[in-house]
Amino acid sequence: MTLYIVPTPIGNLEDITLRALRVLKSVKLIAAEDTRTTRFLLKHFEIDTPLTSYHEHNKLTKLDAIFAALTEGDVALVSDAGTPGINDPGYELIREAVARGVKIEPLPGASAAITALVASGLPTDGFIYLGFLPKKDKARADFLAPFVDEPRTLILYESPNRLVEALEALAQALGDRPACVAREITKLHEEFQRGLLSVIAAHYRAQPPRGEIVIIVGGAPPRVIETWDEDRVRAALEVRRAAGEPLKVAAKAVAAESGWDRRSVYALGLDN
Ligand code: SAM
């Protein structure tokens, strides 16, 4: 039997796919993060498939019941909104389904992270999804430290009451970078604020936001390294050669530090 992973709309009910509706109608059971939220969605589309809860607090104890259901028929996994498993319950169930050899069929569909990213105007060729930032200052700074030199675009989820604090923390940890706050995507009050982190923070300090929010932050700009003059390169090479490093190894290390290319450093080393 098959476990279907079914994304649901992140605001606009028209964003459900035809396939999602067919699967939700045809499976034996739907495992839902919040059965009330999903019942509302199903009612709108006149679907009356039985529901069972699968949420943060029963995601481990509920596994056996869901696998028992999977021996009798197909099961669909849904969360409250968007794609299950993305900051929503799903990962443990899917991991266990893989381990047990259960067939998994994922349906493509809505996710706030990707929808915000493509509208941000920031580079989409490489990106890192970070989920929610930690709430405490120190934990937030530690969390962001590894991304100071990260050139790819960052995607974060945030709650409206912590948005300004989060934008300020991002600017402090990473520098005042281009960013985009995507709020209430696909809903009536959809809004995109694009600009430097500090400018968006000032905007929302003056006008506290409501609703659901994704923050997109541009990656680190390439580091400009100061190019050394020839004397400095020769001196650095000499130090390494005197310490016994082969010319090839020393040239590679000095090239990385000096802004010179490896061949030119090597050629200088041959002169010495
Ligand atoms: N699984 C979901 C997905 O695929 O996007 C994410 C679930 S996570 C618990 C909920 C967070 O996603 C919200 O707090 C907000 O940061 C973001 N989010 C969800 N819907 C959104 C929307 N319509 N506009 C902006 N952000 C949204």
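A pocket here is an open set of grid points, on a 1 Å grid over the protein atoms alone, with protein on both sides within 12 Å along at least five of seven lines. Keep that in mind for the first stop. The model on screen is predicted.

**Stop 1: the ligand.** Select the ligand. The space it takes is the largest pocket. Now colour strand E7 (153-158) and strand E10 (213-217). These are the elements that give two or more residues to the shell around the ligand.

**Stop 2: the two domains.** Colour domain 1 (2-106) and domain 2 (112-217). Both give residues to the shell, so the ligand lies between them.

**Stop 3: the shell.** Show the residues that surround the ligand. There are 19. Pick out the closest: Ile86, Asp88, Ser111, Tyr157 and Ile213. Then colour the shell by class. You will find 10 nonpolar, 4 polar and 5 charged residues.

**Stop 4: the nitrogen contacts.** Which residue has a side-chain N or O atom 2.8 Å from a nitrogen atom of the ligand? Select aspartate 88 to see that pair. Go next to isoleucine 185. Here a polar backbone atom is 2.9 Å from a ligand nitrogen. Finish with glutamate 212, where a polar side-chain atom lies 3.3 Å from a nitrogen atom of the ligand.

**Stop 5: the cover.** Switch on the protein surface. How much of the ligand's exposed area does the protein bury? Taken alone, the ligand exposes 570 Å², and the protein buries 90% of that.

Key
Residues are numbered from 1 along each chain as its sequence is written. This is a predicted model: local features need pLDDT of at least 70, side-chain atom pairs count only at pLDDT 80 or more; totals for chains, interfaces and linings use all residues. Side-chain values use heavy atoms; hydrogens and water are left out. A residue is near a molecule or strand if one of its heavy atoms lies within 4 Å of it. A polar contact is a pair of N or O atoms within 3.5 Å; within protein, one must be able to donate a hydrogen and the other to accept it, and residues adjacent in sequence count only if both atoms are side-chain atoms. Accessible areas come from the Shrake-Rupley method with a 1.4 Å probe; for residues, only the protein chains shown count as cover. On a 1 Å grid over the protein atoms alone, a cavity is a set of points where a 1.4 Å probe fits but cannot get out, and a pocket is an open set with protein on both sides within 12 Å along at least five of seven lines; lining residues have an atom within 4 Å of a point. A molecule sits in a cavity or pocket if more than half of its atoms lie within 2 Å of its grid points. Helices (H or I, at least four residues) and strands (E, at least two) are DSSP runs, numbered from the N terminus. Ala, Val, Leu, Ile, Met, Phe, Trp, Tyr, Cys and Pro count as nonpolar, Asp, Glu, Lys and Arg as charged, and the others, Gly among them, as polar. Domain bounds come from an automatic or database domain assignment.
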